[in-house]
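Please open the model in your viewer and keep the selection panel at hand. The tour below goes from one selection to the next and says what is found at each stop.

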Amino acid sequence: MPGLHGVLSREVDDGLRLDQLRCLGGGRAPCANDAPMVTPRGVVVNTNPRGELVLAPSGRQMNRVDGDGRIVRRAAEEDTRRTQSAIEAALERSARRANALDDRRGGGLFEQLITEGNSRRSSQEFGTSLRDALSGNDRRDRRNDWRRSNDDDDSGSDLTKALVLGLGALAVGSMLNNNRQVALSSPDRVVLTRQDGSQEVIKDEVALLRQPGSTVATENFDDGSSRTIVTRPDGSKVVTIRDADLRVLRRTLVTPDGRSTQLIDDTAEVEPVDIASLPAPAPVPVDTSSMDEAALAAALRREADVNRNFTLGQIRNIPEVRALVAPIDIDAITFDTGSAAITTDQAQQLSVLGRVIQDAIADNPQEIFLIEGHTDTVGSDAMNLALSDRRAESVALALSEYFDVPPENLVVQGYGEQFLKVRAEGDIRDNRRAAVRRITDLLHHEG
């Protein structure tokens, strides 16, 4: 903040005028309701009662001044509230256990042939299913199935059973393990509220792999864990093992000739994360829309400044860990309010990104990319979290549908309105966005 104050002082001394300011949420000053404004050099300001320009609070600032006196873009994760999920992930130490990790057979086998009719597409809308979820449509039958399932079987976990019946079977307001309450229940997303008021989204982590022509076989185990094997027409297989909370513990690609490549492994002993000792966030590119393929590849594949491995859960849930690799904003796509659909024209604009990711995976089959979804502040927190997660999924699906990016190398995660690109309230299209990070170095650090 002192650095930004110095920048603002110099701008004022140089004759800064009101008509040079723009509103943080878009448009030219003066702004409605005394909303924050941005100076030409990127300092967010307010006016005091005397009409003088003053620095807006830190939480509104989108830039900072580095050690060399340069204005640089802040990571969206900077200065955000520490959530219960982040605290738990940082303290994580012991290796995860699950019966599905053993070679034993599970208690039930569910097999499904994936067709055009039962697979998801990037062009599909999510808003309808969310409205149905909130209004209660199509849930009564699911809940009756849910009650019968619970009466017949006391083993496993609520989430594992709900995955089989459809996640919409979970009743809003019901309590799950670890004092988590169902805040929203849609056919393919559930949002849970934690004790600290923060929320987490639960979904089928195998959804990206359910592509037409594949066969999906899932074994459920008595501890609630599961093993899912997706077999493709070419004979290759992707094996995903999840715990009772549907978190991915291990993902392995098996080629038709039997060779295995381990993509994700959250089953080993891990070090707790001392956030205070982490390196500074990676520099955030200011404008990726003008990057050519070589520049985008260089930005996306820039190595992270780390000397340890992190679990996928730590990367997803601890903002300071995720910020060790810079996000690449997918400027080609911003979403309509309440929408998660990507049109064919929009998808074609992902061609450069698709080629860069595909080339990276061809060079190293262990590459993993995190696709993030975001929303503006319009709507409820639970709705926005579920919607943002589906937006991330739509981008990942488009990369696979149009550019043959292997879906097993993609992980999707929605963050709702937690990490605003434009730190302002309201209907702001730039906040209805997606971003991608290469998290390979965080998962598979060597040495």
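Begin by selecting helix α6, residues 293-300, whose buried residues are Leu296, Ala299 and Leu300; buried means under 20% relative accessible area, exposed over 50% and partly exposed in between, with a 1.4 Å probe and protein chains only. These buried residues cover an arc of only 90° around the axis, which puts them on the same side of α6, the arc being that of the directions from the helix axis to the C-beta atoms. An α-helix has 3.6 residues a turn, so residues three or four places apart point the same way.

Before going further, note that this is a predicted model, in which local features need pLDDT of at least 70 and side-chain atom pairs count only at pLDDT 80 or more, while totals for chains, interfaces and linings use all residues. Residues are numbered from 1 along each chain as its sequence is written, and side-chain values use heavy atoms, with hydrogens and water left out.

Now add the elements that cover the buried residues of α6, including β17 (328-334), α10, β18 (369-373) and β20 (433-438); helices (H or I, at least four residues) and strands (E, at least two) are DSSP runs, numbered from the N terminus.

Keep α6 and α10 (residues 351-363) on display: their axes come within 10 Å and cross at roughly 55°, where axes are lines fitted to C-alpha atoms, for helices over the stretch in contact, and angles run from 0 to 180 degrees between N-to-C directions. The contact, meaning heavy atoms within 4.5 Å, is made by Glu293, Leu296, Ala297 and Leu300 of α6 and by Val352, Leu353, Arg355, Val356, Ile357 and Asp359 of α10.

Next, move to helix α2 (residues 84-91), where Gln84, Ser85, Ala86, Ala89 and Ala90 are buried, and show α7 (312-317) and α8 (319-322) as well, since the buried residues of α2 pack against them.

The remaining stops are in loops. In the loop between β1 (22-23) and β2 (37-38), select Pro30, which is joined to Ala29 by a cis peptide bond with omega of about 5°. Then go to Asn178, in the loop between β8 (175-176) and β9 (180-185), where phi is near 60°, a positive value in a residue other than glycine. Finish at Leu246, in the loop between β14 (237-242) and β15 (248-254): Leu246 is not a glycine, although its phi is positive at about 65°, and at 3% relative accessibility Leu246 counts as buried.
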